[in-house]
Every structure is written in structure tokens, then in C-alpha cells.
Amino acid sequence: MHRGTLSDLTTFIAVADSLSFRGAGERLGLTPSALSHSMRQLEERLGTRLLNRTTRSVSLTDAGLRLLERLRPAFDQISSAIQDLNETRGRPAGRLRIYVSSSSAAAVLAPIWNRFLSTYADVSLEVESGEAPIDIVARGFDAGVGPRDHSEIDMIAVRVTDPVKIAVVGSPSYFAQRRPPQSPDDLALHLCIGYRTIHGKIFDWAFEQNGTTITVPVSGRALVNTCELALRAAADGVGIAYAIESQAEPFVRSGQLVRVLQDWSPAFPGFYLYHPSRRQMPAALRALIDMMQATKKLPSLALAA
């Protein structure tokens with residue numbers, strides 16, 4: 001299709017509806033002479049006369065009438081689609097696809113997703129979890145949630161949690177057989193549940209007290225790659241786990257796990273929601289960010305990558 005044909009067809013429908021170049025011109029904001037020129041171009045490209053016109057009147061030819069009957073339903077659908085888009089532009093609606101790290105899913109998304117979906121009945125939420133950073137744009141996600149370094153340098157990143165503390169925990173049955181550690185150095189005498197990072201390295205445990213930070217290599221007989229598995233293993237008596245405080249808390253509250261080295265608990269900056277651009281942000285994503293930040297009493301969206 002010639003690139004000007006669609007515009008000329010819009011003009012043709014306006015002229016056919018008004019049966020007047022002047023009336024169509026008022027509707028489209030164009031001069032009668034511009035409309036007449038557009039119609040001549042369209043007729044020349046189609047090789048068919050669509051309008052009979054004199055200085056006083058305009059009427060449709062048989063070919064013009066047949067074309068109008070075919071065009072009108074299609075243009076009505078286009079108009080309806082644009083109207084629907086305009087109506088939903090400021091209202092959260094549609095599908096929202098989010099990629100989350102497994103640890104941030106529990107800390108950030110799980111506490112609010114039921115309330116979010118209950119509040120915004122026209123939104124559907126699709127969540128995919130993984131440990132490795134990905135190109136969220138290439139994979140078709142609206143946003144990602146995870147540590148700050150998971151976002152590309154040119155993305156917008158918004159902090160959606162307070163600083164996150166770490167808890168060191170073990171089961172009552174485990175500590176019934178071994179004296180709980182009093183300092184990080186005591187971990188050398190314990191079975192610690194190791195954690196392999198996405199880069200394949202074994203993660204050393206970091207601790208902090210009175211402004212002093214130390215890193216301790218640990219060893220044990222179990223190695224995992226998620227916080228959830230570490231906590232499950234600790235609850236089963238496999239050893240001591242190093243986990244996000246909010247994820248360990250339900251186990252501690254139920255008595256399945258006991259917290260140790262609390263005076264040495266470090267914190268890291270927390271989790272971020274990152275997305276490609278502030279321009280024309282989907283209303284559903286804006287609503288999700290607002291709810292995440294309101295839940296954590298964080299400042300409004302203001303941080304750029």
C-alpha cells in the first residue's frame with residue numbers, strides 16, 4: 001500500500017460522510033482544496049473515480065459506494081481500538097509481566113500481590129523468577145525486581161524495600177548437638193549451608209558490628225543456590241543458614257529455626273524495581289511501584305539509573 005493511501009482513505013470517508021469538501025474540511029481541519037487534491041491522488045492510484053463532484057455538490061459513484069461499505073467497518077474497528085487505548089491509558093489495566101529474583105519475590109512481591117490484584121481488577125500479573133540477570137526488554141517483560149546491579153545502566157531503577165538485614169539461623173535440633181556460635185569465627189566449628197552464586201563462586205558470609213565488616217569463608221556438606229533452599233535445609237537440621245531476615249522470620253516465629261549472631265547481622269541496600277523508561281509508563285506498572293513503595297514507606301519515584 002502506498003504510504004499516503006491510508007491518509008487519503010480517511011479523507012475519502014470524511015468526504016463521503018459529509019458529501020461536501022467544506023464540511024469534511026471542517027471536520028479534519030483541512031482546506032477544501034487540500035481535500036480535493038487528496039481525492040484526485042487516491043482516484044489516480046486506484047484507477048477508479050470514487051466521487052462525482054461539481055462546484056455545488058458531491059456524490060459517490062457506484063465504485064465509491066462499494067469501497068465505503070468495505071472501509072467503514074475496518075475504520076470503525078481502528079477508531080474503537082484507539083478509543084479503548086485512550087480510556088485505559090490512565091487506568092491500570094492489561095497484563096503486567098515482571099521478572100524477579102527469587103529472593104526479591106518473597107521480600108517484595110509476595111507481601112502485596114494479593115492486595116494489588118484485588119485493588120486493580122482489570123490487571124493480570126505474570127511473574128517469572130530466576131537468579132541470573134536477563135535482558136528484560138528482549139524477553140518482553142515490563143519490569144524487573146532484584147538487586148540494584150541486575151538492572152542495565154540506562155534503565156530507571158527505583159528502590160522498593162528498606163535496607164535488607166541478614167539473619168543467621170539453625171534448627172533447635174542442630175543446636176541441641178552443638179553450642180551456638182558466639183562470634184563469626186565460631187562458624188569454623190559448624191556445618192554451614194553454602195550458597196553458590198550465579199557466577200559459580202561459593203559465597204563467603206559477611207558480618208558487621210560497630211562499623212566493622214568482616215567476611216568469613218564457611219564450609220559444610222550442603223550447597224544450594226537460593227535462600228529458600230537454605231532455610232529449608234536449616235529447618236531440617238542440615239546446618240546453619242545465612243538468609244534474608246524477612247524470609248527467615250516465619251521459621252523463627254514458628255520455632256523451626258533459632259537465630260544466632262544477631263549482633264553481627266549485616267544489611268545491604270535492598271531491592272529495586274527497574275524498567276526501561278519513564279516515558280508513557282503503563283498505568284499498571286505505576287500502580288505497582290506506588291503500592292510497593294507505600295508498603296515500605298519509601299520516597300516516591302525519583303531515582304534514575
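# Notebook: strands and helices

I began with β7 and β12, which pair in the antiparallel sense over four bridges. I looked up one residue pair there: A167 in β7 has A243 in β12 as its bridge partner. I note here that the model is a predicted one.

**Entry 1: the other partners of β7**

Next I checked where else β7 pairs. Strand β13 (residues 258-260) is joined to β7 by three bridges, and the two run antiparallel. Here V169 stands opposite R259. Strand β14 (residues 267-268) is also antiparallel to β7, with two bridges between them. The bridge partner of K165 in this pairing is A267. I reminded myself what holds such pairs: strands of a sheet pair through backbone hydrogen bonds, either parallel or antiparallel.

Is β7 enclosed or open to the outside? Six of its seven residues are buried, so β7 is largely enclosed by the rest of the structure.

**Entry 2: Y242**

I then picked one residue of β12, namely Y242. Is Y242 buried or exposed? Its relative accessibility is 14%, and buried means under 20%, so Y242 counts as buried.

What does Y242 touch, leaving out residues up to four places away in sequence? I listed I166, A167, V168, F203, W205, A206, F207 and P266. I also looked up the distance to another tyrosine. Y242 and Y120 are 122 residues apart along the chain, and their C-alpha atoms are separated by 36 Å.

**Entry 3: helix α8 and its cover**

I moved on to helix α8 (residues 227-235). I found C227, A230, L231, A233, A234 and A235 buried in this helix. Which elements cover these buried residues? The cover includes the strands β7 (164-170), β8 (194-195), β11 (223-224) and β12 (241-244), and also helix α9 (245-254). So β7 and β12 turn up again, this time as part of the cover over α8.

After α8 comes G237. I noted its phi, which is positive, near 85°.

**Entry 4: α8 against α9**

I looked at the two helices together. The axes of α8 and α9 come within 10 Å and cross at roughly 25°. An angle under 35 degrees counts as roughly parallel, and α8 and α9 are therefore roughly parallel to each other. Their crossing is right-handed.

Which residues meet? From α8 I wrote down C227, E228, L231, R232 and A235. From α9 I wrote down Q247, A248 and F251. Sorted by class, this contact has five nonpolar, one polar and two charged residues.

**Entry 5: a sheet of five strands**

I turned to another set of strands. Five of them form an open sheet, in the order β4-β3-β5-β15-β6, with mixed pairing. Which strands stand at the edges? They are β4 (123-129) and β6 (156-159). Each has a single partner strand, so one side of each is left without a neighbour in the sheet. From one strand to the next, the twist averages 25°.

I checked the pairing at the β6 edge. There, β6 and strand β15 (residues 272-275) are antiparallel, with four bridges. A157 stands opposite Y274 in β15.

A helix lies across part of this sheet. It is α5 (residues 102-109), and it lies across β3 (94-100), β4 and β5 (143-146). The angle between α5 and β3 is about 125°.

**Entry 6: α1, α2 and α3**

Last, I went to the helices with the lowest numbers. Helix α1 (residues 5-18) and helix α2 (residues 21-28) pack at about 125°, their axes 8 Å apart. They are therefore oblique to each other. The crossing of α1 past α2 is right-handed.

On the α1 side the contact has T11, I13, A14, V15, D17 and S18. On the α2 side it has F21, G23, A24, R27 and L28. By class I get six nonpolar, three polar and two charged residues.

How do α2 and α3 lie to each other? The axes of α2 and helix α3 (residues 32-46) come within 8 Å and cross at roughly 100°. The two helices are therefore roughly perpendicular. F21, R22, A24, G25 and L28 in α2 meet P32, L35, S36 and M39 in α3. The classes in this contact are six nonpolar, two polar and one charged.

Methods
Residues numbered from 1 in each chain as written. Predicted model: local features only at pLDDT ≥ 70, side-chain atom pairs only at ≥ 80, totals over all residues. Heavy atoms only, no water. Axes fitted to C-alpha atoms, helices over the stretch in contact; angles between N-to-C directions. Parallel < 35°, antiparallel > 145°, perpendicular 65-115°, else oblique. Left-handed = near helix turned anticlockwise from the far one by under 90°. Contact = heavy atoms within 4.5 Å. Nonpolar A, V, L, I, M, F, W, Y, C, P; charged D, E, K, R; others polar. Buried < 20%, exposed > 50% of the residue type's maximum accessible area, 1.4 Å probe, protein only. Pairing = 2+ DSSP bridges.
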